[in-house]
Amino acid sequence: MVRSPTAGTPPAVPHAPEPTANGSILDSIGDTPLLLIEGIRVKLEFLNPSGSIKARIAAYMLERAEREGLLRPGDTVVEASSGNTGNAMSMVAAVKGYPMLVVMPRNVSAERAAISRAFGAEVRTTGDFHVNDALATVEELGRQPGYFAPRQFDSEWNVDENRTWLGPEILRQLPEHVVPDAVVGGVGTGGTVVGVGQAFREVNPRCHVAAMEPDESCTLACGEVDKHLIEGISDGFVPGVFARHRDEIDEIIAVDSTEALAQSRELARRYGLFVGPSSGGHLLAAKRLARRRPELREIVTFLADEGEKYLTEHFR
Ligand code: PMP
């Protein structure tokens, strides 16, 4: 299936993987449902193949790298990831036939490393909780011939995908005449909240863009780095993508990790949505924003990854 952005606004770059002749799992990325839960519109990104929102940038970045001649047959793809991007890129690399090396911090959930390995990737662990050490390894390898490093934390392609694919897809799913008043997204790279925010501002220039981060590690708002429970965001540094687009962010909402996790559990029990901690954090932050700013009537956020990835950590 060929996906197209909002009618009449062709993207400057390809925004979804080209369908293969006989089809592949990559054709099933995207077109995820948008639900209305407790007054907030939630995009069910955990339903993507490989179980997260990151399937989109993985497919987009490798596809674009192929088109631009940066990724050639036989090259090894190397990426730093606290989990989801690594899993997603391992899936895409498997389909496309590239060797994949994922560099992860040592303390991410066992499932995440195992999932990448299941897709045939090599997983190297470095550093403890945050992604910083993994980044240095990737930078070093990425400079060597025979390697391609997508560099999700720095690449503008990450924003391009969200502006041209995820964002327009949500706009198409909103009821007629409804425009988004706000988007809330946790910051791993910042690509989601920045890129979707840009897409939303094309239809509502006053759209409020709110980044979410854990209270315990409020790196964006107060420069602190500490342990927290919301894997996939607040990785221990301010990523280049977020830093470059900081002036597009209207506010940073801090959410307590434990409360985020409690909200995730509630999503499974009440709505049958078995999702990870960032999803709970997103919904919590969005509901707080809605209460504080009732004039923001249409708020969109993301259920970013599936709960299965946290079985041993949080859901036993
Ligand atoms: N939630 C989860 C579970 C994630 O894995 C990520 C990405 N690492 C995000 C949210 C945030 O996405 P982004 O990198 O676009 O800021």
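Me: What makes strand 4 (residues 100-104) count as mostly covered?

Reply: In strand 4, 5 of its 5 residues are buried. A residue is buried if 20 or more other C-beta atoms lie within 10 Å of its own, exposed if 12 or fewer, and partly exposed in between, with C-beta atoms placed from the backbone. The model is predicted, and local features need pLDDT of at least 70, side-chain atom pairs count only at pLDDT 80 or more, and totals for chains, interfaces and linings use all residues. Residues are numbered from 1 along each chain as its sequence is written.

Me: Which residues of strand 4 point one way, and which the other way?

Reply: Met100, Val102 and Met104 point one way, Leu101 and Val103 point the other way, and all are buried. In a regular strand the side chains alternate between the two faces of the sheet.

Me: How do you know that strand 3 and strand 4 pair?

Reply: Two strands pair if DSSP finds at least two bridges between them. Strand 3 and strand 4 have 4 bridges, in the parallel sense, and therefore meet the rule for a pair. One of the matches is Val77 with Met100 of strand 4. Strand 3 (residues 76-80) also runs parallel to strand 6, joined to it by 2 bridges. Thr76 has Tyr147 of strand 6 as its bridge partner. The strands are DSSP runs of E, at least two residues long, and the helices are runs of H or I, at least four residues long, numbered from the N terminus.

Me: Why are strand 5 and strand 6 called edges?

Reply: The open sheet of 4 strands has the order 5-4-3-6, with parallel pairing. Strand 5 (122-125) and strand 6 (147-148) each have a single partner strand, so one side of each is left without a neighbour in the sheet.

Me: Why is Gly74 called exposed, whereas Gly195 counts as buried?

Reply: Gly74 has 9 other C-beta atoms within 10 Å and is therefore exposed. Gly74 lies in the loop between helix 1 and strand 3. Gly195 lies in helix 6; with 30 C-beta neighbours inside 10 Å, Gly195 is buried.

Me: What does Gly195 touch?

Reply: Gly195 touches Val159, Glu161, Asn162, Arg163, Leu166 and Gly167, leaving aside residues up to four places away in sequence. Contact is defined by C-beta atoms, placed from the backbone, that lie within 7 Å.

Me: Why are Arg151 and Ser234 called buried?

Reply: Arg151 has 20 other C-beta atoms within 10 Å, and so is buried. Ser234 has 31 other C-beta atoms within 10 Å, and so is buried. Arg151 is in the loop between strand 6 and helix 5, and Ser234 is in the loop between helix 7 (219-222) and helix 8 (240-244). Arg151 has a positive phi of about 55° although it is not a glycine. Ser234 is likewise not a glycine and has a positive phi of about 50°.

Me: What makes up the largest nonpolar core?

Reply: The largest nonpolar core has 83 residues, and Ala58 and Val184 have the most contacts inside it. Helix 1 (residues 55-67) gives the largest share of this core, 8 residues. Domain 1 (29-53 + 165-315) and domain 2 (54-148) each give at least three residues to this core. A nonpolar core is a set of buried Ala, Val, Leu, Ile, Met, Phe, Trp, Tyr and Cys residues joined through C-beta atoms within 7 Å. Among the residues that Val184 touches are Ala210, Met212, Ile253, Leu289 and Ile299.

Me: How do you know where the two domains begin and end, and what lies between them?

Reply: The bounds of domain 1 (29-53 + 165-315) and domain 2 (54-148) come from an automatic or database domain assignment. The C-alpha centres of domain 1 and domain 2 lie 23 Å apart. The contact takes 24 residues from domain 1 and 21 residues from domain 2. On the domain 1 side, helix 5 (156-173) and helix 11 (311-314) each supply at least two residues, and helix 11 gives the largest share, 3 residues.

Me: Which residues come nearest to the ligand?

Reply: Gly188, Thr192, Gly232, Ser278 and Ala304 come nearest, out of the 17 residues around the ligand. A residue is near the ligand if its C-beta atom, placed from the backbone, lies within 6 Å of it. Helix 2 (84-96) and helix 6 (191-203) give two or more residues to the shell around the ligand. The shell draws at least three residues from each of domain 1 and domain 2.
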